[in-house]
Every structure is written in C-alpha cells, then in structure tokens.
2 protein chains.
Amino acid sequence: MGDKSDRPTLAVHGGAGTLRRGAMTPAAEAGYRAGLAGALRAGHAVLAGGGAALDAVTAAVCALEDDPLFNAGRGAVFTRDGTHEMDAAVMDGNGCRAGAVAGICGPRNPVLAARAVMERSPHVMLVGEGAVQFCREAGLAFAEPGYFSTEARRQALALVLAQETAGVVETDAARRHGTVGAVARDRAGNLAAATSTGGMTAKLPGRVGDSPVIGAGTYADNASCAVSATGHGEFFVRYAVAHEIAARVVHRRQPLAEAAVAVVAELGRIGGSGGLVAVGADGAVALPFNCDGMYRGYVKDDGIVYTAIYDEPYAAS
Amino acid sequence: MGDKSDRPTLAVHGGAGTLRRGAMTPAAEAGYRAGLAGALRAGHAVLAGGGAALDAVTAAVCALEDDPLFNAGRGAVFTRDGTHEMDAAVMDGNGCRAGAVAGICGPRNPVLAARAVMERSPHVMLVGEGAVQFCREAGLAFAEPGYFSTEARRQALALVLAQETAGVVETDAARRHGTVGAVARDRAGNLAAATSTGGMTAKLPGRVGDSPVIGAGTYADNASCAVSATGHGEFFVRYAVAHEIAARVVHRRQPLAEAAVAVVAELGRIGGSGGLVAVGADGAVALPFNCDGMYRGYVKDDGIVYTAIYDEPYAAS
C-alpha cells in the first residue's frame with residue numbers, strides 16, 4: 001500500500017455484538033449501515049479537508065454515540081441497577097497522548113469527555129463522579145439520563161435479568177455487548193484512535209471493560225498503528241490487545257493486517273469473542289473479528305464508503 | 001541465570017518517589033528498609049513453603065499496605081478533597097488472569113479487593129462505589145477512613161495545596177507520588193505481579209494512574225515476565241509500560257533486564273520519572289528506575305533479603 005502512503009484513511013466499528021443473521025431485518029440492516037456510513041462520512045470530511053486524524057476519529061465516534069442503534073452515548077445499555085455508566089477513550093498517535101473516562105453519566109458525548117481529559121487535564125484517566133465534575137467544569141455539553149435511554153435497551157435489561165432469575169445463560173452477544181470506535185490516518189501521517197461504550201447490559205455498577213483502558217481497547221502510536229477494539233472486554237484487558245498489535249508491528253516487524261488477524265484469532269481460541277479496527281502508519285486498514293459479525297466500515301481518499309456486518313463482501317456507497 | 005531457573009524469586013518496591021537524600025534521616029531510612037524487608041520476608045515465606053507466586057505477591061503487598069510509611073492502604077495520600085481513593089491490581093501469569101480496583105476507600109487491603117475481583121467476579125476492573133459494594137458482598141475486611149489517614153500525609157496535602165495557592169510547582173516527588181508493588185516467580189515457574197497505591201497527593205477525585213491499569217503499572221504472563229511499576233502514572237499508561245516490557249521479551253527476544261532498563265530509560269528521556277520491578281520466566285530480576293531513588297528489594301532462594309533506596313549497593317540482611 002506504499003502508493004497510498006500520503007492518503008487519509010478512516011475505519012469505524014459499531015460493535016462486535018451484532019444481531020444474529022436470522023434476527024436481522026432489511027430495515028434494521030439499513031439502519032446500521034446508515035449509521036456506519038454517516039460516521040465514516042463525518043470523519044472523512046475532516047480528513048478530506050486536511051484535518052487531523054484526532055478530529056476525524058472524534059467526529060466519527062460522536063456520530064455513532066448520537067445514533068441510538070449503537071451501544072454508546074444515546075442508546076447505551078443499562079447496568080443491573082437501571083442506570084447508564086459509559087466509558088470512552090481517545091489517543092493521539094502523535095506524541096502518544098491519551099485521555100479516558102469510565103463510569104460516567106452526564107456528558108452527552110463521552111468521547112468528548114475523554115478528549116477533554118487528554119487536552120485539558122494533566123491526567124489520562126478520570127472515573128465516576130470526579131470525571132463528571134471535571135466535564136462540568138470544562139463546559140462540556142450535558143444531557144439528562146433519559147436522553148441516553150432507549151426502549152430497546154430497557155427491554156434487553158429486563159430480558160437478561162429475567163434470564164438470570166431463570167438460570168439461563170445469555171448467549172446472544174447482541175443483547176449484552178456493543179461498542180463503537182474509530183481509527184484514522186491523516187495526510188500528515190498522524191494516527192488516532194477513539195472508542196466509546198455503554199458497557200454490558202446488566203453489568204455490575206462499577207465494571208470497566210477494555211474501551212477506556214489504554215493499551216487494551218484503544219491505542220495509537222504514529223510509529224506503529226491505531227487500534228479500537230470491541231468484544232468481551234475482560235479478555236482484551238488481560239491480553240493488552242491494542243498494545244499487543246502495536247508491539248508486534250514494532251518489535252516483530254509484522255505487517256499490521258497479519259498482526260491484527262493473528263491476535264484476534266488467538267483471542268477467539270481462548271474464548272475472547274470480538275474484533276477490532278486498525279490503521280497502520282502506511283494507511284493500511286485491518287478489520288478482523290472472530291465472531292458472527294462486527295458492524296464495520298472504512299473509507300479511503302476517494303471518499304467511497306464501504307460497510308459490512310457479517311463475513312461478507314463490503315457494500316460500497 | 002539458567003542455574004537458578006527452578007528457584008523462587010521475589011522483588012518489591014515501595015515507590016519511586018523517595019525522600020531526597022538530604023532529607024533522609026537514619027531513623028527514616030531504617031523504617032523504610034524494615035518495611036521492605038518485612039514485605040520480602042512475608043512473600044518469601046510463601047515461596048519457600050512451596051506456595052504460589054500469586055500468594056507471595058499478595059502477602060508482600062499486604063505487608064506494604066499495612067505499613068503507614070508507604071503510600072498504599074494505611075498511609076495512603078489524600079485527594080484534594082481530603083479523602084482517600086485507592087487503586088490496586090493483581091495479575092496471575094498462569095493464564096493471564098487479572099483483577100483491579102480503582103477509586104475505592106473501605107477495604108483494608110486494596111490488593112485483596114483486586115484479587116477478589118479476579119477470583120470471584122467475571123470482571124477484571126471495578127471502580128468506585130460499585131467496587132466497594134462488591135468487596136462488601138465478598139466479605140472482605142473493611143476499615144474506617146481514619147485507619148488509612150496519617151498525620152504525615154495530611155501535612156503533605158496542606159503543603160501541596162498551599163504551594164498551589166502560591167503558584168509554586170511541587171517538584172519533590174516524595175510528597176506527591178508513591179506506590180507499592182511486588183513480582184514473584186514460584187517453584188512451579190508461575191509468575192505474578194501486584195501493585196497498590198493511594199495515588200498522588202492532592203489529586204483530582206476520580207483520577208486513576210497506572211497501578212490498576214493492566215498493561216501499564218501491572219502485568220504478568222508466564223511466557224515473558226511479571227512487572228509492577230511506580231512513578232508518574234500518566235506516562236506509564238500512555239506507553240503501556242508493563243506490557244511493553246513483556247512484548248519486548250516475547251517479540252524482540254530481549255533479555256528481561258535489557259528490556260526493562262531500556263524502557264525505563266526511554267521514559268526518563270521524555271519526562272516520565274519512575275521505575276519498576278520485574279521478574280522473568282527464568283527467575284532473573286530487574287529493578288530499574290530513572291529518578292533519584294526507588295524503595296526496593298529482592299530475595300532469592302537462599303532467603304537473604306537485599307534492600308536499597310538510592311543508586312547504591314544493596315544491603316543484605
């Protein structure tokens with residue numbers, strides 16, 4: 001891909017916990033694809049205008065947070081207490097700057113909260129009420145708890161809790177997981193990654209997954225790649241998945257796609273379902289997953305938007 | 001060190017933010033060394049009895065948490081609100097299992113809270129009130145907030161806040177930082193790491209450093225090494241320091257000591273002061289730091305305890 005090395009690239013995901021093929025209606029599929037395409041166009045507009053990868057991933061993730069179909073921002077899942085606890089992270093590969101928030105409910109776009117931590121505090125990670133208070137003082141836009149809540153997520157909580165009472169183990173990842181994320185390379189060669197999630201349906205309050213853990217669900221370093229992950233977060237934390245891919249690129253000199261595919265396949269073998277999107281220093285993209293599907297897409301310099309959900313050819317639009 | 005490959009090894013640190021040489025009295029130094037030696041003996045007793053690395057690091061970190069001289073558990077620093085918010089993590093290199101807590105005040109030994117998350121929940125990281133509630137239900141020993149508070153830390157908070165009011169930047173790491181940690185290799189060849197901290201004096205409530213971030217301040221994988229870090233946490237998170245060392249051992253086939261020294265030196269060059277303790281799959285230990293000093297020590301099969309504070313020969317006892 002050396003011929004494209006000066007060209008901007010953006011990839012997004014809307015979570016590896018997709019609806020089962022049988023449960024996916026044409027209308028639902030159209031909605032998910034429209035959401036992915038909208039996020040890709042929002043990020044591509046930044047890159048096409050000469051903007052920074054950091055601004056592109058922020059714009060793309062904001063678009064996905066605003067879309068109630070995806071488990072982040074509006075449409076976030078409920079904890080077992082019926083509350084929302086959102087996590088997000090952003091990382092700028094130019095200088096390896098990072099910001100993250102966990103367990104927050106208030107800021108309308110959690111990814112902007114993570115970015116404020118990165119740019120306007122000396123810290124990398126703020127959690128809970130302290131993080132919310134910081135966002136308030138930073139002047140971020142807030143929303144009432146009801147803004148984040150959707151009927152579909154409320155039904156998912158009721159179903160999962162009823163299943164637990166009945167001793168049934170939830171096996172449908174679509175009802176439990178979900179994350180959104182973006183990675184980008186801009187014309188200057190800078191990389192960036194952002195990830196945002198409502199976590200798991202019926203999660204224990206206080207549970208933090210991989211999304212806001214730098215090196216697990218989110219990582220970016222101009223020297224190697226930018227990665228945003230989705231899936232069974234505990235596995236991604238234990239194996240420091242995003243940083244592991246960057247480390248293979250740097251220390252083993254593996255091509256990005258080879259490293260990303262290998263790590264995701266290994267995770268699958270030990271029971272860690274999920275996937276990720278990654279972009280390399282040369283603009284190469286990788287979007288591997290080890291489960292039924294992952295809402296995903298990418299766009300390169302020509303502005304053509306490619307989206308896919310299952311193991312299927314990408315649809316261009 | 002191949003001749004020692006079946007022998008147990010333990011290394012501990014009590015933080016990279018040491019007292020300046022000029023401010024260290026013989027009595028204070030004796031206190032720190034006694035604390036380190038006590039932790040090393042507690043962990044060594046486990047290993048010498050054929051116990052697991054995981055139990056050894058837990059015992060060593062509990063000893064350091066119980067010692068008010070160190071910034072973890074009893075003796076934790078104060079947030080700017082005058083509260084304590086403690087973080088801890090533990091990782092078992094056998095299976096890469098991990099547990100972490102952040103922003104908690106209640107459990108008497110935060111490292112036991114992290115271990116309960118690992119062993120008694122499906123999660124890796126719990127934060128804030130949700131984490132405290134989980135610990136209560138798990139039956140962990142709790143302490144009143146006053147148990148953690150010491151007069152020395154209260155004076156440090158007052159001083160830092162007064163300095164901020166006066167526009168003076170605190171440059172004495174000893175007053176702000178501090179962490180405790182341990183790494184071990186047991187006779188079976190299993191590795192483990194544990195880290196615990198009260199964070200930074202006068203920190204923003206909700207701030208989380210590297211200690212509970214798996215891959216940043218804490219990591220263990222039997223295939224490579226176990227690492228526990230201390231220092232300016234934000235840098236350790238941004239560069240995924242603990243996992244970076246493990247990755248160099250695996251992917252670059254660097255000897256552990258070489259990898260650990262190189263990463264710590266690089267951190268120092270970009271302004272990230274601190275250090276770490278690490279033990280490799282062959283039982284080799286590394287205790288590098290890039291600042292004035294780091295409370296540290298190690299013990300091998302012969303039970304002789306070695307401690308040091310500054311760049312100086314280790315004292316045996």
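Start by selecting B:A284, which sits in the loop between β10 and β11 (285-286) of chain B. Keep in mind that this is a predicted model. B:A284 counts as buried, because its relative accessibility is 14% and the cut-off for buried is under 20%. Now add B:P255 to the selection. The two residues are 29 apart in sequence, and their C-alpha atoms are 9.2 Å apart in space.

Next, go to B:R253, in the loop between α9 (241-251) and α10 (256-269) of chain B. B:R253 comes just after α9(B) and takes a positive phi of about 55 degrees. Most residues other than glycine have a negative phi. Is B:R253 buried or exposed? B:R253 is exposed, with a relative accessible area of 69%.

Then select α9(B) itself. Of its 11 residues, 10 are buried, so the helix is largely enclosed by the rest of the structure. The buried residues include B:V241, B:H243, B:E244, B:I245, B:R248 and B:H251. What covers them? Part of the cover comes from the other chain: α9 (241-251) of chain A. From chain B, the cover includes β8 (218-221), β9 (225-231), α8 (233-238), α10 and β10 (274-280).

Within this helix, pick B:I245. Leaving out residues up to four places away in sequence, B:I245 touches B:C225, B:V227, B:L256, B:A259, B:A260, B:V263 and B:L276. Now widen the selection to the largest nonpolar core, which has 97 residues. The residues with the most contacts inside this core are A:I214, A:I245, A:L276, B:I214, B:I245 and B:L276.

Show both chains for the next stop. Chain B can be laid on chain A by a turn of 180 degrees and a shift of 0.0 Å along the axis, with an RMSD of 0.0 Å. The two copies are thus related as by a two-fold rotation axis. Of the interface residues of chain B, 100% are also interface residues in chain A, so the copies meet through the same surface.

Return to chain B and select B:E85, in the loop between α2 (53-66) and β2 (86-92). Which side chain of opposite charge is nearest to B:E85? It is that of B:K203, 4.6 Å away. B:E85 is buried yet has no salt bridge, because a salt bridge needs the charged atoms within 4 Å. A polar atom of the B:E85 side chain does lie 2.8 Å from the backbone nitrogen of B:G206. Not counting residues up to four places away in sequence, the contacts of B:E85 include B:T79, B:G103, B:I104, B:T197, B:G198, B:P205 and B:R207.

From B:K203, step back along the chain to B:A202, in the loop between β6 (191-197) and β7 (207-208) of chain B. B:A202 is a residue other than glycine with a positive phi, near 65 degrees. B:A202 is buried, with a relative accessible area of 1%.

The last stop is B:M118, in helix α3 (residues 110-120) of chain B. B:M118 counts as buried, at 8% relative accessibility. Measure from here to B:E85: the two residues are 33 apart in sequence and 20 Å apart in space, C-alpha to C-alpha. Which residues are in contact with B:M118, leaving aside its neighbours within four places in sequence? They are B:L54, B:V90, B:D92, B:R97, B:A98 and B:G99.

Key
Residues numbered from 1 in each chain as written. Chains lettered and ligands numbered in written order. Predicted model: local features only at pLDDT ≥ 70, side-chain atom pairs only at ≥ 80, totals over all residues. Heavy atoms only, no water. Helix = DSSP H or I, 4+ residues; strand = E, 2+ residues; numbered from the N terminus. Buried < 20%, exposed > 50% of the residue type's maximum accessible area, 1.4 Å probe, protein only. Lys, Arg positive; Asp, Glu negative; His and termini not counted. Polar contact = N/O pair within 3.5 Å; in protein donor to acceptor, adjacent residues only side chain to side chain. Contact = heavy atoms within 4.5 Å. Least-squares fit on C-alpha atoms with pLDDT ≥ 70 in both. Core = buried A, V, L, I, M, F, W, Y, C linked by side-chain atoms within 4.5 Å.
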